[in-house]
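Q: Could we go through this structure together? I should like to begin with how helices are compared.

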Amino acid sequence: MLIFTLRRLNLFIFTMLVLTLLSFSLSFLFPGDPVINLSGQLNSTEQQLAVINQSYRMQDNIIWQYFAYIQHIIQGDFGLSMSSQSPVIDEIMILLPATIELSLVALLIAMFTGIPLGFIAAIKHNKTSDNIILSVAMFGYSIPVFWLGLLAILFFSIGLGWLPSAGRISLLFEIEMVTGIQFFDILMSNSPDKWQAFQDATAHIILPACVVALAPATIFVRLARASMIEVLETSYIRAVKAKGLSFQQIIFRHALRNALIKIIRHVGLQFANLVTIAMVTEVIFSWPGIGRWLIESIYQRDYTAIQSGLLVLSCFIFIVHILTDFIYAALNPLARGNKHGS
Amino acid sequence: MAREKIYQEEVFPSPFMQLWLIFRKTPTAMIGFVCFLFLIFLAAFAPFLAPYSPVEGHLDMVLLPPAWHENGNVSFLLGTDELGRDMLSRLMYGASLTFGLSFVVVIISLIIGVIIGSLSALTKGIKSSFLNHFLDVILSIPSLLLAIVIVAILGPGISNTVWAIVMVLIPQFIHITRYAVKEEFRKDYVLASRLDGASNFRVLYYSVFPNIVERLMSQATLAQSAAILDIATLGFLGIGAQIPLPEWGAILANGLERFYIAPWTVYLPGLSILFAVVATNLVGEGIRHALKLRKES
């Protein structure tokens, strides 16, 4: 496990290097002056500009510039947002939890609907219910997410009026931001109508989270189905069948655990996909998250925001990736050995 | 039964033909394939088939519902949008933008990815490990985010979107080619042709490629469905195809303001995207299914 941890740490450091290198080189690729792209100081005087130049070591060669950039990042200084002229890190700290909240809820929904459906399909392999689940999964995988979001708003918010169509919580509730994750904040606050606020926040998250969850859920269906079929064909399942265990015992005690382990490994890989979908969904549901902010910063040519948004979001995804790797390795001793960079 | 073959020798179909023979037997895959061919045909010949120009407005026929509706007009089969542009013509031209461009995108990134991937499969040690890590990093960035960054560098527009999506798809092709080539290189038939004195390039071209081409095709269909969705998403967000291009995502975004009074301007482009992606996925599913059956037989 120690070697495994060291390997992952090594991979993590390498990844951070490549990601910072990528975001550093973006400041040269974007139109305009690299220093201004890095710092976001649009309206600075000559003296201020000289100070900024000094702090990013622009007079030295490019390697020192890169180190100066890394130093700034480690100190949490991502520069100022070009459109609002406030520090990017503050904006990200407000927006990122909203995205984390949405994507985690969506991930949970996707796992709790997708995996059981996949198992059912595998148990009924090559029968009608298997085919129905597979074809529904195919459609879910193919629907463009923005269209699905619009249809959901039209049907559930405008047509039936069940759920709100935009935002995180009704403006009537005043919740102090502590962690940024809305549900924790509500539970920690001592407002008298805590439970109404909680219900309201839940009603707001259901629709966007379900829209985000659909495509990953269909992928989980396929993964779960494939791994269950594989497990059911192994000889130890045949052995317990020969022992005369009942169907429930075979599935729940033997097959389920071994099939689940294989799926956990893919959760991390699916997360990048899920965040992509969440970005578009945020735009449609006016969810105040980092995806919507990034897309808006393209319209406003806010290069500092794009650069740091890319860095933060991909770091976040990579951390989730590594975490699931750890969980997988902790659950499955076979995965701890061998294989470089896979 | 009369013998048609005079000679005793039997011709074995090539791996590719075997795949086709199995593929042909799955009805859903064939339906998908026919739809796929139809879309390619539409993408290629939209200017000759479309009844009107995609940008020509008929101001006396504004916001006309589809023809089956009681207020519809049969000369505008799928209705018109807020400027009186014929929806059917716009969707047909859109096929060549969204579907046709995604096809081009996949072919470009397939070629580049396969070249880089097969070259990198031949390297070993630190170079190979570095590339592997680098690919992992690129693959962990969400594709849309990468496309957005590239569009931010190049500026909005449909041609820049195409390059952005090509760049996003290349790492996936490198990854799969590299993996497939490495796997084939371990097999005995490669060793046999090596013992005959074949160079690396010759082994790659004559022995390995014919055996991995189906796997690449199956990846290509996945990439194409992703490319269609990405082009449409970027068009929808307003950073891909610009007004007045009839790209499906852009048409949908355009109809958004009048969603409630003219829902067909949103339903129809969405359905077209769905149709294109489902057709592509059915073909891909068919190829994968046939690959599995061929392996088992």
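A: Certainly; please note that this is a predicted model. To compare two helices, one fits a line, the axis, to the C-alpha atoms over the stretch in contact, and the angle between the N-to-C directions runs from 0 to 180 degrees.

Q: At what angle do helix α1 and helix α8 of chain B pack, and how far apart are their axes?
A: Helix α1 (residues 15-23) and helix α8 (residues 200-236) of chain B pack at about 30 degrees, and their axes are 9 Å apart.

Q: Are α1(B) and α8(B) roughly parallel or roughly antiparallel?
A: Angles under 35 degrees count as roughly parallel, and α1(B) and α8(B) are therefore roughly parallel to each other.

Q: Which residues make that contact?
A: From α1(B) come P15(B), F16(B) and L19(B), while α8(B) supplies P210(B), N211(B), V213(B) and E214(B). By class, five of these residues are nonpolar, one is polar and one is charged.

Q: Stepping back, how many helices and strands does chain B have?
A: Chain B has 10 helices and zero strands. Its C-alpha atoms fill a box of roughly 75 × 65 × 30 Å along the principal axes.

Q: And how much of chain B is buried?
A: Of the 297 residues in chain B, 45% are buried. Among the contacts in chain B with a separation of 6 or more, 71% join residues 24 or more positions apart.

Q: Now for the two chains together: how many residues of each are in contact?
A: There are 36 residues of chain A in contact with 33 residues of chain B. On the side of chain A that touches chain B, the elements giving two or more residues include α1 (2-29), α11 (247-284) and α13 (303-331) of chain A.

Q: What classes of residue are on that side of chain A?
A: The side of chain A that touches chain B has 29 nonpolar residues, seven polar ones and no charged ones.

Q: Which residues touch the most other members of the largest nonpolar core?
A: They are A224(A), I148(B) and L169(B), in a core of 159 residues. Helix α9 (residues 194-232) of chain A gives the most to this core, with 17 residues.

Q: Why does this core lie between domain 1 and domain 2 of chain A?
A: Domain 1 (2-74) and domain 2 (89-337) of chain A both give residues to the core, so the core lies between them.

Q: You mentioned I148(B). What is it in contact with, beyond its neighbours within four places in sequence?
A: Those contacts of I148(B) are L294(A), I295(A) and I298(A) in chain A, and I239(B) in chain B.

How values were computed: Residues numbered from 1 in each chain as written. Chains lettered and ligands numbered in written order. Predicted model: local features only at pLDDT ≥ 70, side-chain atom pairs only at ≥ 80, totals over all residues. Core = buried A, V, L, I, M, F, W, Y, C linked by C-beta atoms within 7 Å. Buried ≥ 20, exposed ≤ 12 C-beta atoms within 10 Å, placed from the backbone. Helix = DSSP H or I, 4+ residues; strand = E, 2+ residues; numbered from the N terminus. Domains from an automatic or database assignment. Contact = placed C-beta atoms within 7 Å. Parallel < 35°, antiparallel > 145°, perpendicular 65-115°, else oblique. Nonpolar A, V, L, I, M, F, W, Y, C, P; charged D, E, K, R; others polar.
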